[in-house]
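Biologist: Before I plan any bench work, I should like to go through this complex with you. Please show me the sequence and the structure.

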Amino acid sequence: MLLIRHSDRANNAVRTASPGGELFVAAVVICMILVSFGDAVDPTLFGEAGLEFGLFDLGGEFSVLALSDLHLLQLLLAGGLLAAGLAVLRVSGALAQKALRSAPRRAIEKVPL
Amino acid sequence: MQPEFLSAAFLSALFAIVLIDLVLAGDNALIIGLVARNLPKQTQRKVIFWGTFGAIAARGLMAILVVYVLDLPGFMLAGAIALVWIARKLLAPDPAAAGNHAAAVPAASFAVALRTIVVADAVMGVDNVLAIGGAATGSVLLIMLGLAISVPIIVWGSHMVIRLVDRFPSIILLGGAVLGWTAYSMIVREPLLASWFADHPATKLVAAILVFSISLAPWCTARLAERHKPLVVLLPALLVWLLAFEVAASVWQIEVRYLSADDTGEYLFQAARWLGWLPLGAAFLWLREQLALRRRQPVRG
C-alpha cells in the first residue's frame, strides 16, 4: 500500500489541496504544455509571421510563450512565477472590482453627487 | 542522452526521482515492523538493518534492469502508458486504504523475515521503479543517487513523509504532474515513434495534452461541476480521434491536407475527421444520462 494512503488529507489530495497549491501545480502543468508546444512548433515562425500591430510585436510575444528545452526545476520556477503573477492579478482584479462597485445608497462612505 | 553531472538536467532528474520515490513510496517501515515484531530483540535489529539493505538492493537492481529494458523499442511507450495509469491511481482517492497492508504476518525466523521484506518491497515498488527508470533518462548514477536519498527517508522517516503530505497535499498533485511529464518525455523518446514525431511535430503537443488530460483526470473530475464532468472523457477521446486520423494517414500513406478538399472522397474524409466524433460524443452523453437515471430510480420488488 502507498505510504501516503495513511494520511486522509493526502489520500484525498484532489479535494484537500489548498487553492494556492492547486494554482502552483496548475501553473507548472501549463508550463509543461507550453514546453511541449515549443518542442512541436518552431518559435521563430511566430517572429517571422508578421504579427506587428502598432507598438506590439505579437510574434515576439508568442515566441516567448513557446518555451522549449526547460528542465523540471526550471519548470517549477516558471510555474511558481506564473502562479504568483496570476495570484497578484486575481487580488488586484478583486480590489479594482471592489473599488468600482458603487456603495449602497445610504452607506456612510457614499459621496453625494 | 544522459545528462551531465550536476547540470540543470541532472538536478531536475534527481529531483523528479526523489519526488516520485516519496509519493509512490510503499509502507516499508510498517512491513518491517510487522514482520519483525515477534522476533527476539537481537534478531529484530538484524532484520531491520538487513531488511532495509535488501529492499534498497532489490529496488536498485530492478531500477537498473528497467533502464536497460526501456532501451528496447516499444518498451518506452508501454512504460509511458503504465505511468499515466499510475498517475491516475495516485491522484484517485482510495476509500478502502486503511488496514489494507501487504504483509501483516509476523515472521518466525530471520531468513523468513528477510525474504518477506524484500519480496514485499519488490512487489510494492514496481510502479516506483518504472517511474524512476523513465525519469532517469538512462543514467544509472541518477537512479543510485535518487534511491540513496529517498529510501532511507522512506524507511526511517516515514512519519515525516506522512506529516509532510498531510500538511501539503499539493505535493501529491505535483507528483501526478511530474509522472505525467515523465510519461510524455518517454513517449517522445520512444525510438519507434521518433521518425513519426519528426514528420508530424504538432502531434507532440497533442500527445502532451492527451497525457495530462488522462493522468490528471481525477483532479479535474473533483473540481468540475457535475454538468461539466463528461469533458474529462470527451477531451481525451477527441484528441485520440484526431490522432487516429493522423496515424491512419501515415500507415496507409494518404496525403492529408488540413481543411481543404477537391473531390468527394476528400470531402468525406475531412467531414469524418472534423465532425465524425460528434455522433459518438452525443451517444456517450445519452448513455451516461441513461445510466445516471437508472441509478437514481429506486429498486422495485
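The discussion below concerns a predicted model and takes confidence, chain A, the domains of chain B and the core in turn.

Biologist: Which helix of chain B has the highest confidence?

Modeller: The mean pLDDT of chain B is 83, and 94% of its residues reach 70 or more. For the complex, the predictor gives an ipTM of 0.83 and a pTM of 0.84. Within chain B, confidence is lowest in helix α2 (residues 28-36), with a mean of 75, whereas the highest mean, 91, belongs to helix α9 (residues 170-189).

Biologist: In what order do the helices and strands of chain A follow one another along the sequence?

Modeller: Chain A contains six helices and two strands. Of its 113 residues, 26% count as buried. Read along the sequence, the pattern of chain A is α-α-α-α-β-β-α-α.

Biologist: Among contacts in chain A between residues at least 6 apart in sequence, what percentage join residues at least 24 apart?

Modeller: A contact here requires C-beta atoms within 7 Å. Of the chain A contacts between residues at least 6 apart in sequence, the share joining residues at least 24 apart is 63%.

Biologist: Which helix supplies the largest share of the side of domain 1 of chain B that touches domain 2 of chain B?

Modeller: The domain assignment divides chain B into domain 1 (8-179) and domain 2 (192-296). Their centres, taken over C-alpha atoms, are separated by 35 Å, and 12 residues of domain 1 are in contact with nine residues of domain 2. On the domain 1 side, α4 (75-91) and α9 of chain B each supply at least two residues. The largest share of that side, five residues, comes from α4(B).

Biologist: How many residues of that side of domain 1 of chain B are nonpolar, polar and charged?

Modeller: The side in question is the one through which domain 1 of chain B touches domain 2 of chain B. Its residues divide into one charged, two polar and nine nonpolar.

Biologist: Which helix gives the most residues to the largest nonpolar core?

Modeller: That core has 94 residues, and those touching the most other members are A:Val28, B:Ile17, B:Ile20, B:Leu83, B:Ile172, B:Ala177 and B:Val211. Domain 1 and domain 2 of chain B each contribute at least three residues to this core. With 12 residues, the helix giving the most to the core is α9(B).

Biologist: Leaving aside neighbours within four places in sequence, which residues are in contact with B:Ile20?

Modeller: B:Ile20 is one of the core residues that touch the most other members. Apart from those sequence neighbours, the contacts of B:Ile20 are B:Asn128, B:Ala131, B:Ile132, B:Ala135, B:Gly175, B:Val178 and B:Leu179.

Conventions: Residues are numbered from 1 along each chain as its sequence is written. Chains are lettered from A and ligands numbered from 1 in the order in which they are written. This is a predicted model: local features need pLDDT of at least 70, side-chain atom pairs count only at pLDDT 80 or more; totals for chains, interfaces and linings use all residues. pLDDT is the predictor's confidence in each residue, from 0 to 100. Helices (H or I, at least four residues) and strands (E, at least two) are DSSP runs, numbered from the N terminus. A nonpolar core is a set of buried Ala, Val, Leu, Ile, Met, Phe, Trp, Tyr and Cys residues joined through C-beta atoms within 7 Å. A residue is buried if 20 or more other C-beta atoms lie within 10 Å of its own, exposed if 12 or fewer, and partly exposed in between; C-beta atoms are placed from the backbone. Domain bounds come from an automatic or database domain assignment. Two residues are in contact if their C-beta atoms, placed from the backbone, lie within 7 Å. Ala, Val, Leu, Ile, Met, Phe, Trp, Tyr, Cys and Pro count as nonpolar, Asp, Glu, Lys and Arg as charged, and the others, Gly among them, as polar.
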